[in-house]
Amino acid sequence: MIRALSFLVSLVIALPLWAGEIAVLPGRGTLATAIAEANPGDVLTLAPGRYLGVVYIDRPLTLTGTHRAVIVGQRQGTVVTIDAPDVTLRNLTIMGSGLDSQAIDAGIKILKKADRALISRNRVLGNLHGIDVHGGLDAQVLDNIIEGTRDRRMNDRGNGIYVWNSPGTIVEGNTVRWGRDGIFSNTSRKGVYRNNLFRDLRFAVHYMYTNDSEVSGNVSIGNHLGFAIMFSNNVVLRDNLSLRDRSHGVMLNFANNSDVSGNLVRGGADRCTFIYNAHKNLIYGNRFEGCMIGVHFTAGSERNVLTGNAFLGNRTQVKYVGTRDIEWSFDGRGNYWSDHASFDLDGDGIADSPFRPNDLMDHILWSQPAAALLTGSPVVQLIRWGQSSFPATLPGGVVDSAPLVRAPTIDITSEYLAMEAEVAARWKESDYDDFDVNDLASH
């Protein structure tokens, strides 16, 4: 009893006894004045209206209101800068940052030592970068609507959410549209990015040197690339949707020791998945469907495990050029191939014959594209028939020794199906022509 009483007394002493609620009226400089006069822990409630001028928060405060309380930066620098721990921004509209890429102008910027910031249920509109988490620890960016600028080339726009050197960041439940990348995470770790919706962007999620983190439950629709995991280790990429993304659904580029599972990539992409110099990844339970290439797998990638995936209706299921066989089954369980005509006489769910997705002609066509003119010729058909009859003549490549007879299913809500259909309808009117997909692997 005495110990509990002592704890309560110490807690009361630690709290700022002068913390209170302050009503703030709109106008030029009124919010900056209210912040300067506030005590740590105060709650500033913004009345509906426009608050002009940039805002600098240098003490623990809560700023809240309705979305009709609009903080307008008038194209001068960052609109709201947080330079103190334990700051909350909630239910506000923040718009009109500057457009200086070198300064990383943003709607909201969280600086180093501004730990435990909570950015929740705001509308962050028309800024260069939406929310820049720039050094603060354990930030939470939750349930915001972030819409970027649309009047620049895509590569010259800012990111919806930019995370730099900010361990412990949680980005969840946000809707990000337009701008450059939905989330760009660089030189960080132990982040969680989940259940966000990304539309009309270059990349939905772009990882650079971000380790020990999670990207899960996100939806990428109509972007140039869905999920780019680059130069990062120990990443969980799970249960994401990439629908009608134009170049790649998932890219693993120098990504190692990661868990890539339960993801759906469907429709339109040049490559559902591109695995480039990525090692020791576990890739299972994914669906790669309706792409030009299901998986483009480079010879520099070693010791990856692929099992339980489905390859459905891709024009080329796998593109792999190599001189040795690569086994794509694990512990007696392989993948489902929509073009594998097979039987399962014992009913164990495993096809009775192995499957090779590529043959000698595929290798010739990849290295000599002009040979495509001969694809339907009798001599090509004869070569393919000979290889199917005499497997020893096949070149090195992917071998699935235990292909599945049933594909894993991944559900999509009616809301996302409608968005996917919208993208398909305006496919030829897309504004992504200023982006060069050939730069991806070397980025």
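**A first look at a predicted, strand-rich chain**

Let me begin with one pair of residues: E214 has V236 in strand β27 as its bridge partner. What we are looking at is a predicted model, in which local features need pLDDT of at least 70 and side-chain atom pairs count only at pLDDT 80 or more, while totals for chains, interfaces and linings use all residues. Residues are numbered from 1 along each chain as its sequence is written, and side-chain values use heavy atoms, with hydrogens and water left out.

Staying with β27, which covers residues 235-238, we find V235 and L237 on a covered face, whereas V236 and R238 lie on the uncovered one. Strand β24, residues 213-216, pairs with β27 in the parallel sense over four bridges, and β27 also pairs in the parallel sense with strand β30, residues 259-261, over three bridges. There, R238 stands opposite S261 of β30. For these terms, two strands pair if DSSP finds at least two bridges between them, and strands are DSSP runs of E with at least two residues, helices being runs of H or I with at least four, numbered from the N terminus.

Now to the chain as a whole, which has five helices and 41 strands. Of its 443 residues, 52% count as buried, meaning under 20% relative accessible area with a 1.4 Å probe, protein chains only.

One open sheet has twelve strands with parallel pairing, in the order β5-β8-β11-β14-β17-β20-β23-β26-β29-β32-β35-β38. Why is one side of β5 (55-57) and of β38 (316-319) left without a neighbour in the sheet? Both stand at the edges and each has a single partner strand, so that side stays free of a neighbour in the sheet. Within this sheet, strand β14, residues 129-134, runs parallel to strand β17, residues 161-164, and four bridges join them; D132 has Y162 in β17 as its bridge partner.

Finally, a word on confidence: pLDDT, the predictor's confidence in each residue on a scale from 0 to 100, averages 87 over the protein chain, and 83% of the residues score at least 70. Over residues 1-15, however, the pLDDT is below 50, and beyond near neighbours in sequence this stretch has one contact in the model, a contact being heavy atoms within 4.5 Å. Residues 431-443 also stay under 50, although the model has 33 contacts for them beyond four places in sequence. Where pLDDT is low, the predicted coordinates should not be read in detail.

Technical notes
Buried means under 20% relative accessible area, exposed over 50%, partly exposed in between (1.4 Å probe, protein chains only).
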